Amino acid sequence: MMDVDSRPESTLAKAIRQQRAEARAACDALAEAADAFDIELPELGVDRSAPYTGEVLVEVGRVPVESVRLLAEHLQLLNQHWDTIAAAVAEPVTPAVPLFRPNVGDLVVDTATGRAGEFRGEDGDTWCLAPVSGDSAPWTADPLTVRTATVNELVRVGMTARVNRQPKAG
């Protein structure tokens with residue numbers, strides 16, 4: 001006679017176990033968020049799974065009217081300001097000071113102009129940059145808009161400089 005505990009777990013049983021674990025985690029997260037806003041959810045819990053589908057539901061239960069009003073109020077407020085919140089999260093933060101100071105001769109990119117150049121030094125609150133090819137005038141850049149060049153940019157600038165050094169045919 002085979003022991004009941006030694007039988008392998010069925011695929012449905014595994015799925016239900018996983019869904020119940022996810023449902024418990026969701027309940028815990030909702031309870032924590034609700035507590036932060038003094039919203040009472042006294043019957044919050046994981047419901048039994050449906051017998052044929054195995055679907056697991058979360059039971060919110062009977063909730064005090066004040067908790068429902070608070071929950072609705074906070075969700076409406078979140079909805080009203082969602083675009084602002086999403087934009088604020090997506091916006092990159094510009095540092096107040098440069099993240100690095102290149103050495104003289106380092107290849108950098110001025111992101112304000114899209115130009116690559118060699119770092120030549122500082123001129124007050126700006127950095128002096130010079131084109132690698134020497135075919136145009138040096139310029140100054142805001143240190144907050146300057147970054148180090150990527151490997152691809154280093155290769156591209158190096159190849160361009162090599163081509164420019166080749167004698168012109170003709």
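**A five-stranded antiparallel sheet and its nonpolar core**

Ala 149 is buried, with a relative accessible area of 15%. The cut-off for a buried residue is under 20%. The model is predicted. Ala 149 is placed in the loop between E7 and helix H4 (151-165). Beyond four places in sequence, Ala 149 touches Leu 107, Val 108, Val 109 and Leu 154. Ala 149 and Ala 116 are 33 residues apart along the chain, yet their C-alpha atoms are separated by 7.6 Å.

The sheet is considered next. It is open and consists of five strands in the order E6-E5-E4-E3-E7, with antiparallel pairing. Strand E6 (139-141) and strand E7 (146-148) stand at the edges. Each has a single partner strand, so one side of each is left without a neighbour in the sheet. On average, and with direction ignored, neighbouring strands are turned by 50° against each other. Strands of a sheet pair through backbone hydrogen bonds, in either a parallel or an antiparallel sense.

The pairings can be followed from the E7 edge inwards. E3 and E7 are joined in the antiparallel sense by three bridges. Here Val 108 stands opposite Thr 148 in E7. On its other side, strand E3 (residues 107-110) runs antiparallel to strand E4 (residues 115-123), and four bridges join the two. Leu 107 has Glu 118 of E4 as its bridge partner. Asp 110 faces Arg 115 in E4. E3 and E4 form a hairpin, with four residues between the strands. Gly 114 lies in that turn and has a positive phi of about 80°.

The next pairing is that of E4 with E5. The two strands are antiparallel and share five bridges. Phe 119 stands opposite Leu 129 in E5. E4 and E5 also form a hairpin, here with two residues between them. Gly 124 in this turn has a positive phi of about 70°. Strand E5 (residues 126-130) then pairs with E6 in the antiparallel sense over three bridges. In this pairing Leu 129 is opposite Trp 139 in E6. Leu 129 thus recurs, as the residue opposite Phe 119 and opposite Trp 139.

In a regular strand the side chains alternate between the two faces of the sheet. In E3, Leu 107 and Val 109 point one way. Val 108 and Asp 110 point the other way. All four are buried.

The largest nonpolar core has seven residues: Val 108, Phe 119, Trp 127, Leu 129, Trp 139, Ala 141 and Val 146. E5 and E6 are the elements that give two or more residues to this core. Nonpolar side chains tend to be buried together in soluble globular proteins.

Aromatic residues of the core were examined further. Phe 119 has 0% relative accessibility and counts as buried. Trp 127 is buried too, at a relative accessible area of 4%. An aromatic pair is described by the distance of the ring centres and the angle of the planes. The structure holds one aromatic pair. Its members are Phe 119 and Trp 127, with ring centres 5.2 Å apart. Their planes stand at 75°, so the pair is edge-to-face; the cut-off for that class is over 60 degrees.

Trp 139 is also a member of the core. Leaving out residues up to four places away in sequence, the contacts of Trp 139 include Trp 127, Cys 128, Leu 129, Ala 130 and Pro 131. Also among them are Asp 110, Thr 113, Arg 115, Ala 116 and Gly 117. Arg 115 lies over the face of Trp 139, at 3.6 Å from the ring centre. Arg 115 is thus placed opposite Asp 110 in the strand pairing and over the ring of Trp 139.

Two residues of helix H2 were also examined. Glu 66 lies in this helix (residues 65-80). With a relative accessible area of 42%, Glu 66 is partly exposed. The C-alpha atoms of Glu 66 and Ile 39 are separated by 7.8 Å, and the two residues are 27 apart along the chain. Ser 67 is likewise found in helix H2. Ser 67 is buried, with a relative accessible area of 4%. Apart from neighbours within four places in sequence, Ser 67 is in contact with Ile 39 and Glu 40.

Key
Residues numbered from 1 in each chain as written. Heavy atoms only, no water. Pairing = 2+ DSSP bridges. Axes fitted to C-alpha atoms, helices over the stretch in contact; angles between N-to-C directions. Core = buried A, V, L, I, M, F, W, Y, C linked by side-chain atoms within 4.5 Å. Buried < 20%, exposed > 50% of the residue type's maximum accessible area, 1.4 Å probe, protein only. Contact = heavy atoms within 4.5 Å. Phe/Tyr/Trp six-rings, centres within 6.5 Å; stacked < 30°, edge-to-face > 60°. Lys NZ or Arg CZ within 6 Å of the ring centre and 35° of its normal.
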